[in-house]
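Grab a pencil and keep the viewer open while you work. Here are some exercises, each followed by a solution you can check step by step.

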Amino acid sequence: MTHLALLALPVLLCFLCNASSQIHPTDFDALREIRSSLADLAVSDGFFSTWNFSAAVDPCSAFAGVTCEASRVTILSLGTGLSASPGLFGELSPAISQLTHLTQLILFAGEVTGPIPAKLGTLRNLRVLSLTSNRLTGEIPLQIFGLANLHTLDLGYNRLTGSLPPAFPVLGQLRVLVLAENKISGEMPLFLPNQILHLDLSNNNLSGTLPQGMPVSLRYLSTANNQMSGNLQGLDPLSDLEYLDLSGNQFNGTLPESLFCRSTTSLLLQRNNLTGGIPNSPPCPKSKGSTIDLSHNLLDGELTTALIGVEALFLNHNRLIGAVPKEYVESVESGTMKTLYLQHNYLTEFPMEAGTMLPETSAVCVSFNCITSPPLGLADCPARTADQLSRPPGQCSVAHGGSRFNYSSSKLLP
């Protein structure tokens, strides 16, 4: 070995020594335990390929998914999040709680099973907890709801059970709560954080009603495909809602008029038990790409012009009667309204001449109504629509002024 190489050797050894000691020893040990409980689903070049504990490297700079500040792990992202990556399997180690400076814990989609460690509730600096799209089971530890700095809690698309606490008094910073696609039962919390913006509880087993006094800060609200009931009057104060999906429940009562004159781009209330008519209010400006779906309810009366300007409108499978206002036809012909589904009602007129050419981007279905000579065929109707252009005459007596017709005697196909 040359004299120059001998001089350089202590420098190199010192560098390797310092590199291996950059991360705090407690965090280093925690990462080792976390690694021992998880593995890559990928056969080669997986997420953990850079996690080499035997090499003289600093995990803060060499380990994928690890971000540090002042030698402490502050962000831990487990998995790549890439669509081509199958993710991880195994279980979440309670050793994660030893990363006491952690502000973000993210587990990307994979096949991680087992419970959420209750010790995660000790991570007081945590602002983002996202453990979505895996196979986590058990109840959500109550300690999680005690993390005062939490901004985002996303536990959606797992197999979590149990119920939610009636209130989240400590989660004053929470802006995003996603618990969709689990098996959570019980009722929706009565009291939600005042500043919450995004709430997704869809596809669970929730029952009960919408709580009164929901935060006016809400921009996104979904309780779709649960077993909830009651009226929708509690939505009145939510003037800033941009997305509302309460479909697939058992909500009843009439439609609040306030729902139709706000900046909501998606209003999805299909497959409930809503009654009454479409509000008789003047049309309000609608956002580009707006969708209103009120299909598969018990709405009756005549169709008003309140929904003119919506880009996609679904009113099929209700009990609407009378003539369709000409403004809807004009909106379709101009290309403003791209989808208009009115099938399976009791409408008596669609003021469009037979043979009228509609824009290629439009889809209009008015089949199985009480229109004597429907101007449109079945080409734009959904595949499951009945193959009859009009209802049998015996089902249309009320639509044409009869007094003995009973809606329940007519068969409403899915």
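Before you start, one definition: a disulfide is a pair of cysteine sulfur atoms within 2.5 Å. Also keep in mind that this is a predicted model.

**Exercise 1. How many disulfides does the structure hold, and what is the pairing of the bonded cysteines in sequence order?**

Step 1. Start with the count: there are 4 disulfides in the structure.

Step 2. Now number the bonded cysteines of the protein chain in sequence order, and the pairing reads 1-2, 3-4, 5-7, 6-8.

**Exercise 2. Take the disulfide of C261 and C284: is it right-handed or left-handed, and is each cysteine buried or partly exposed?**

Step 1. Look at the bond: C261 is joined to C284, with 1.5 Å from S to S.

Step 2. Place both ends. C261 sits in the loop between β18 (250–253) and β19 (266–268), while C284 is in the loop between β20 (273–274) and β21 (291–293). The two are 23 residues apart, and the pair links distant parts of the chain.

Step 3. Get the handedness. The torsion about the S-S bond of C261 and C284 is about 45 degrees, so this disulfide is right-handed.

Step 4. Check burial, where the cut-off for buried is under 20% relative accessible area. C261 has 42%, so it counts as partly exposed. C284 has 16% relative accessibility, so it is buried.

**Exercise 3. Which hand does the link of C365 and C381 have, and which hand does the link of C370 and C396 have?**

Step 1. Find the C365 and C381 disulfide, whose sulfur atoms are 2.0 Å apart. With 95 degrees about its S-S bond, this link is right-handed.

Step 2. Place its ends: C365 belongs to strand β27 (residues 363–365), and C381 lies in the segment after β27, 16 residues apart.

Step 3. Check their burial. C365 has 0% relative accessibility and counts as buried; C381 is buried too, at 12% relative accessible area.

Step 4. Move on to C370 and C396, which form a disulfide with sulfur atoms 2.1 Å apart. The angle about the S-S bond is -85 degrees here, and the link is left-handed.

Step 5. Place this pair as well: C370 and C396 are both in the segment after β27, 26 residues apart. C370 is buried at 3% relative accessible area, and C396 is buried at 5%.

**Exercise 4. How many aromatic pairs turn up in the whole structure, and is the pair of F145 and F168 stacked or edge-to-face?**

Step 1. A search of the whole structure gives 10 aromatic pairs.

Step 2. For F145 and F168, the ring centres are 5.0 Å apart, with 10 degrees between the planes. Planes under 30 degrees apart count as stacked, and F145 and F168 form a stacked pair.

Step 3. Find where the rings sit: F145 is in the loop between β8 (135–139) and β9 (152–154), and F168 is in the loop between β10 (159–161) and β11 (176–178). F145 is buried, with 7% relative accessible area, and F168 counts as buried at 4%.

Step 4. Now try F314 and Y341: this pair is edge-to-face, with 5.3 Å centre to centre and 90 degrees between the planes. F314 is in strand β23 (residues 312–314) and Y341 in strand β25 (residues 339–341), 27 residues apart.

**Exercise 5. Which charged residues lie over the rings of F48 and Y346?**

Step 1. Go to F48: R35 lies over its face, 4.3 Å from the ring centre. F48 is also part of a cluster linked by ring pairs, together with F28, F47, W51, F53 and F63.

Step 2. Go to Y346: the charged end of R391 sits over this ring, 3.9 Å from its centre.

**Exercise 6. In the largest nonpolar core, which residues touch the most other members?**

Step 1. This core has 98 residues, and L31 and F350 touch the most other members.

Step 2. See which elements take part: α2 (25–37), β2 (66–69), β3 (72–78), β5 (104–107) and α4 (326–333) each supply at least two residues. The largest share, 4 residues, comes from α2.

Step 3. List some partners of L31. Leaving aside its neighbours within four places in sequence, L31 is in contact with residues including I23, W51, F53 and L99.

Step 4. Look for another core: one of 6 residues lies apart from the largest, and its members include Y341, A363, C365 and C381.

Conventions:
Residues numbered from 1 in each chain as written. Predicted model: local features only at pLDDT ≥ 70, side-chain atom pairs only at ≥ 80, totals over all residues. Heavy atoms only, no water. Buried < 20%, exposed > 50% of the residue type's maximum accessible area, 1.4 Å probe, protein only. Phe/Tyr/Trp six-rings, centres within 6.5 Å; stacked < 30°, edge-to-face > 60°. Lys NZ or Arg CZ within 6 Å of the ring centre and 35° of its normal. Core = buried A, V, L, I, M, F, W, Y, C linked by side-chain atoms within 4.5 Å. Contact = heavy atoms within 4.5 Å.
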